[in-house]
Amino acid sequence: MGNRSDTISIDVAPVEIAQRRHAPLPENREVVFDVQDLGVRYGATTAVSGVDFDIYRNMITAVIGPSGCGKSTFIRCLNRMNDLVPGAQVDGKILYHGEDLYGSGVDPVEVRRRIGMVFQRPNPFPKSIYDNVAWGPRVLGMRKDLDERVERALRGAALWEEVKDRLKRSALSLSGGQQQRLCIARAIAIEPEVLLLDEPASALDPIATTSIEELMHGLKRDFTLVIVTHNMQQAARVADMTAFFSLEVGEGRRTGVLVEYDATEKIFTNPSDQRTEDYVTGRFG
Ligand SMILES: Nc1ncnc2c1ncn2[C@@H]1O[C@H](COP(=O)(O)OP(=O)(O)O)[C@@H](O)[C@H]1O
Ligand SMILES: [Mg+2]
């Protein structure tokens, strides 16, 4: 008997560890976005096609892949930003909590309130630090306890301690990394559910990048995050789930496709697709 329980504990332990590191157990995954056969064209050019996967709540999902494979195009679909891009045509379906994000009764402005976005280059308004964060709440009529709301957002973006004594100073007086955290504070001030981040650290130095990565770890308690990054180490460091996009070349056309989607550790240590393996091991040509 003693031997048998020893055997069991030896068999079970590694599996438990692996499951804990493969962050989301399937039964704990709550689907926020159900992306179905999504495609985007710009005029005659098909930027991405056939994208199909689920994005889960309170996790960080990274979208990686070579330049031009449609990463930015893809995440712009998740909050209907492509509606604002001339010539962009979105096909397929995205269900957001089971509801068609592109359905006729859906207000894209409300979509963008619930699903915020942070861009590659920090883009604060040429206003004070305070007014940048208060801007969204003011536009939306969330004027009650505005000071507290601004403080909460700045704390959430790990910027409060650095700016609390100079809230009236111009946002443009901040460093690049601080400006990007300010943009995150501005995005979370209106309490969205999802944050989309398109290469949020690629214009920043390594120290500022680290603080953005640490910040993302903290944010996933309250938000669902989707991050585009061309930096594989960054995806491996921050993401629970990783979607690898690549370019399919045929008949003189190049189209972005989703090659593989899985727990980040699986993508980086034991991918199922040869193209993923070539990319993550740097053999991509
Ligand atoms: N506004 C646009 N108009 C026309 N073509 C675009 C536009 N944005 C992106 N594209 C094209 O779509 C493809 C995917 O681009 P993008 O989504 O920016 O890729 P990534 O973010 O992976 O580098 C590229 O061929 C790009 O030239
Ligand atoms: Mg891009």
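Which element gives the most to the lining of the largest pocket? In this predicted model, the answer is β6, with four residues. The description below starts from the whole chain, then turns to the ligand and the two pockets.

The protein chain contains eleven helices and ten strands. Its radius of gyration is 21 Å, close to the 19 Å that the globule rule gives for 285 residues, so the chain is as compact as a globular protein of that length. Along the principal axes, the C-alpha atoms fill a box of roughly 65 × 60 × 40 Å.

Ligand 1 has a shell of residues drawn from several stretches of the sequence. Around it are Y42, A47, P66, S67, G68, C69, G70, K71, S72, T73, R76 and V85. Helix α2, residues 71-78, supplies the largest share of this shell, with four residues. By class, the shell holds five nonpolar, five polar and two charged residues. Backbone atoms of G68, C69 and G70 approach oxygen atoms of the ligand. For G68, a polar backbone atom is 2.7 Å from an oxygen atom of ligand 1. For G70, a backbone N or O atom lies 3.0 Å from an oxygen atom of the ligand. For C69, the corresponding distance from a backbone N or O atom to a ligand oxygen is 3.3 Å. On its own, ligand 1 has 560 Å² of accessible area, and the protein covers 60% of this.

The largest pocket holds about 540 Å³ of space. Its lining consists of 20 residues. Those nearest the centre are R112, G116, M117, W135 and I190. Four elements give two or more residues to this lining: α3 (108-114), β6 (115-118), α4 (129-139) and α7 (176-188). Strand β6 gives the most, four residues. The lining divides by class into 13 nonpolar, four polar and three charged residues.

The second largest pocket has a volume of about 280 Å³. It is lined by 15 residues. R152, G156, I188, D222 and F223 lie nearest its centre. Two elements, α5 (146-156) and α8 (206-219), give two or more residues to the lining of this pocket. Helix α5 accounts for the largest share, five residues. Here the lining comprises seven nonpolar, two polar and six charged residues.

Key: Residues numbered from 1 in each chain as written. Chains lettered and ligands numbered in written order. Predicted model: local features only at pLDDT ≥ 70, side-chain atom pairs only at ≥ 80, totals over all residues. Heavy atoms only, no water. Near = heavy atom within 4 Å. Polar contact = N/O pair within 3.5 Å; in protein donor to acceptor, adjacent residues only side chain to side chain. Areas by Shrake-Rupley, 256 points an atom, 1.4 Å probe, with all protein chains shown as cover. Nonpolar A, V, L, I, M, F, W, Y, C, P; charged D, E, K, R; others polar. 1 Å grid on protein atoms, 1.4 Å probe; cavity = no way out; pocket = protein on both sides within 12 Å on 5 of 7 lines; lining within 4 Å. Points joined across faces, edges and corners; volume = space filled by probe spheres on them. Rg over C-alpha atoms; globule rule 2.2 N^0.38 Å.
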